[in-house]
Amino acid sequence: MSFEVPVVDISPYVLDGTPEERAAVAAALDAACREVGFIQIVGHGIPTDVTDGLASAMDSFFGLDLETKKTYVTPPELNRGYAPPKTESLSLSLGVESANRMNDFFEAFNIGDAASDFPDLDLPVSAYNENLWPDADAPGFQAQIMPYYREAGRVARTLVRAFADALHLPPKFFEAYNSHSLDVLRMNNYALPAGTDVTLDGDLTGMGEHTDYGIVTVLWADQVAGLPVLGRDGGWHDVQPADNALLVNLGDLTGRWTNDQWMSTLHRVKPPVINGTIERRRSAAFFHDGNWDAVIATLENCIDDEHPDLYTPVTVEEHITAKLQGSRAGVRNTAAGAEAERVLAAAAKE
């Protein structure tokens with residue numbers, strides 16, 4: 001069985017295309033979401049200087065010495081700030097344990113929407129954490145990151161509008177679920193200083209097998225190998241972004257909405273080791289996760305005799321909290337049955 005990530009030009013939704021052009025995009029997205037769950041999108045409209053600024057800011061921060069970066073570590077319950085290598089395990093977000101519990105070899109820095117960004121709403125700071133900016137050590141970091149953050153948010157909301165058309169829902173259906181979305185930008189770095197010896201012991205990996213948690217993820221990444229995606233054939237297939245493309249994948253909440261007719265696809269990161277050193281790879285994942293208090297229940301038009309309802313309603317807060325307790329605090333997520341089974345089945349084939 002061949003595996004291919006479809007390329008979809010979303011410019012008719014970005015540039016106010018004709019109804020016929022938008023319908024063609026919606027149909028292409030529907031097919032990609034049903035068959036793969038990953039999409040290469042072009043025509044997104046993010047200027048090159050914005051992505052260049054993102055990459056420059058990431059290089060500036062991740063190039064600092066480890067002790068300086070550790071001053072920006074926050075407690076596990078705060079999804080902000082710096083995460084050093086081997087302090088997380090994405091597989092635990094699916095309830096899958098490994099020999100080394102916190103074994104993911106990547107470092108990351110998170111920012112996101114804060115309660116103070118919504119002064120007219122009484123949002124909990126525990127869910128909408130305030131950001132921790134490292135500008136004292138990486139000057140200009142915030143000024144370079146925020147333009148990309150805003151552009152990625154625009155792309156995510158553009159995609160959600162197209163999803164409504166693809167699912168034959170009212171055009172503004174998702175606005176009740178993403179008006180104060182729990183959006184997070186996670187900037188990842190897979191690298192070691194030149195000449196560092198690397199031993200991938202046991203289950204040590206770049207980033208463990210996982211599905212994303214929310215509605216949709218918009219990913220900027222280097223064109224470097226190391227992002228395997230689990231296909232319907234049960235095998236892992238490497239994915240690299242095309243020129244000027246962003247990678248998009250669905251999260252668990254969209255899987256729940258669509259009764260798994262659209263795929264929240266398992267993926268992981270396996271950093272390539274060349275002459276004992278992990279090759280540099282960077283990525284920035286924008287997670288569009290929905291309003292913390294929104295209740296996600298299966299769409300009625302995704303339930304029939306052939307597709308009985310697989311899910312009970314859950315709030316975004318309940319779902320995201322269980323996932324983060326697994327990845328960041330090492331608390332095994334016992335609610336992730338189907339996803340965990342897929343991980344174990346794929347591991348058995350390797």
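Me: In which sense do β2 and strand β10 (residues 246-250) pair?
Reply: Happy to start there, with a predicted model in which local features need pLDDT of at least 70, side-chain atom pairs count only at pLDDT 80 or more, and totals for chains, interfaces and linings use all residues. Residues are numbered from 1 along each chain as its sequence is written, and side-chain values use heavy atoms, with hydrogens and water left out. Strands are DSSP runs of E with at least two residues, helices runs of H or I with at least four, numbered from the N terminus, and two strands pair if DSSP finds at least two bridges between them. Four bridges join β2 to β10, Q40 being matched with L247, and the sense is antiparallel.

Me: Which residue of β2 is the bridge partner of V8?
Reply: Strand β1 (residues 7-9) runs parallel to β2, with three bridges between them. For V8, the partner in β2 is I41.

Me: Why is strand β2 (residues 38-42) largely enclosed by the rest of the structure?
Reply: Buried means under 20% relative accessible area, exposed over 50%, and partly exposed in between (1.4 Å probe, protein chains only). β2 is largely enclosed because, of its five residues, the number buried is four.

Me: How are the rings of F174 and W257 arranged?
Reply: Phe, Tyr and Trp rings (the six-membered one for Trp) pair if their centres lie within 6.5 Å; planes under 30 degrees apart are stacked, over 60 edge-to-face, the rest tilted. This rule gives 14 aromatic pairs. With centres 5.0 Å apart and planes at 75 degrees, F174 and W257 are therefore edge-to-face.
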